[in-house]
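Could you walk me through this structure in the viewer, stop by stop? I would like to know what to select next and what is there.

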Amino acid sequence: MMLTTQYRMHPEICSFPSKHFYDGNLLTNWTEKQINWKFQPYLLFDIVKGIEKDSGAGSFSNDVEAEFVACLILVLQQDIDTNSIGVITPYKQQVKLIK
């Protein structure tokens, strides 16, 4: 049995897993009315002056990236409830910096 319809992701975000993991068969149950979002569903930023630091405990951090994310959250929270903002990082040390 395979998932055929998802209800949580924006259709543009869903397109990647649909194409690469579901052979293009994963559908989105969103209507145009539900997509009332003034930002793009996802953004990537290339922070060129950031330098990763090893915490020595198997985790990494990047001060410049963390500062950028914190500033971005300040801008976003003017229009969005902070409980609706998610930041994904694979490193615990980076999470500590952002918080």
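**Stop 1: helix H1**

Start with H1, where Cys14, Pro17 and Ser18 are buried. Turn the view until you look down the axis of H1: its buried residues fall within an arc of 105°, so they line one face of the helix. Please keep in mind along the way that this is a predicted model. Now bring in the surroundings of that face. The cover over the buried residues of H1 includes strand S1 (residues 5-6) and S2.

**Stop 2: Ser18 and the end of H1**

Select Ser18, which sits in helix H1, residues 11-21. Is Ser18 buried or exposed? Its relative accessibility is 6%, and because buried means under 20%, Ser18 counts as buried. Show the contacts of Ser18 next: leaving out residues up to four places away in sequence, Ser18 touches Asp23, Gly24, Asn25 and Leu26.

One of those contacts, Asp23, is worth selecting by itself. You will find Asp23 in the loop between H1 and S2. Its relative accessibility is 70%, so Asp23 counts as exposed. Check the backbone here too: Asp23 follows H1 and has a positive phi, near 50°, although Asp23 is not a glycine. Why look twice at that sign? Most residues other than glycine have a negative phi.

**Stop 3: aromatic rings**

Stay in this part of the chain and display the aromatic side chains. How many aromatic pairs does a search of the whole structure find? There are 3. For Phe16 and Phe21, the ring centres are 6.2 Å apart and the planes meet at 75°, so this pair is edge-to-face. Colour the two residues by accessibility: Phe16, at 48%, counts as partly exposed, while Phe21, at 60%, counts as exposed.

**Stop 4: a nonpolar surface patch**

Switch to a surface view and select Ile13, Tyr42 and Leu44. Together they make a nonpolar surface patch of about 340 Å². Zoom in on Tyr42, which belongs to the loop between strand S2 (27-28) and strand S3 (53-54). With a relative accessibility of 46%, Tyr42 counts as partly exposed.

**Stop 5: Tyr7, before H1**

Now go back along the chain to Tyr7, located in the loop between S1 and H1. Tyr7 is exposed, with 54% relative accessible area. Apart from residues up to four places away in sequence, Tyr7 touches Asn29 and Trp30. For a sense of scale, draw a distance from Tyr7 to Leu74: their C-alpha atoms are separated by 28 Å, and the two residues are 67 apart along the chain.

**Stop 6: Gly50**

Next, select Gly50, also placed in the loop between S2 and S3. Which side of the cut-off does Gly50 fall on, buried or exposed? At 17% relative accessibility, Gly50 counts as buried. Its contacts, not counting residues up to four places away in sequence, are Asn62 and Val64. Draw one more distance, this time to Met9: Gly50 and Met9 are 30 Å apart in space, C-alpha to C-alpha, and 41 residues apart in sequence.

**Stop 7: the salt bridge**

Select Lys53 and Asp63 and show their side chains. A search of the whole structure finds 1 salt bridge, and Lys53 forms it with Asp63, with the closest N and O atoms 2.7 Å apart. This pair links distant parts of the chain: Lys53 is in strand S3 and Asp63 is in helix H2, 10 residues apart. How much of each partner is accessible? Lys53 counts as partly exposed at 40% relative accessibility, and Asp63 counts as partly exposed at 37%.

**Stop 8: Ile73 in helix H2**

Finish by following H2 (residues 63-76) to Ile73, which lies in this helix. Ile73 is partly exposed, with a relative accessible area of 22%. Leaving aside neighbours within four places in sequence, Ile73 is in contact with Ile85, Val87 and Ile98. As a last selection, join Ile73 to Glu12: the two are 61 residues apart in sequence, and their C-alpha atoms are 22 Å apart in space.

Definitions and conventions:
Residues numbered from 1 in each chain as written. Predicted model: local features only at pLDDT ≥ 70, side-chain atom pairs only at ≥ 80, totals over all residues. Heavy atoms only, no water. Helix = DSSP H or I, 4+ residues; strand = E, 2+ residues; numbered from the N terminus. Buried < 20%, exposed > 50% of the residue type's maximum accessible area, 1.4 Å probe, protein only. Contact = heavy atoms within 4.5 Å. Patch = residues over 30% accessible without salt bridge, like charges linked within 9 Å, V, L, I, M, F, W, Y side chains within 5 Å. Areas by Shrake-Rupley, 256 points an atom, 1.4 Å probe, with all protein chains shown as cover. Salt bridge = Lys/Arg side-chain N within 4 Å of Asp/Glu carboxyl O. Phe/Tyr/Trp six-rings, centres within 6.5 Å; stacked < 30°, edge-to-face > 60°. Arc of directions from axis to C-beta.
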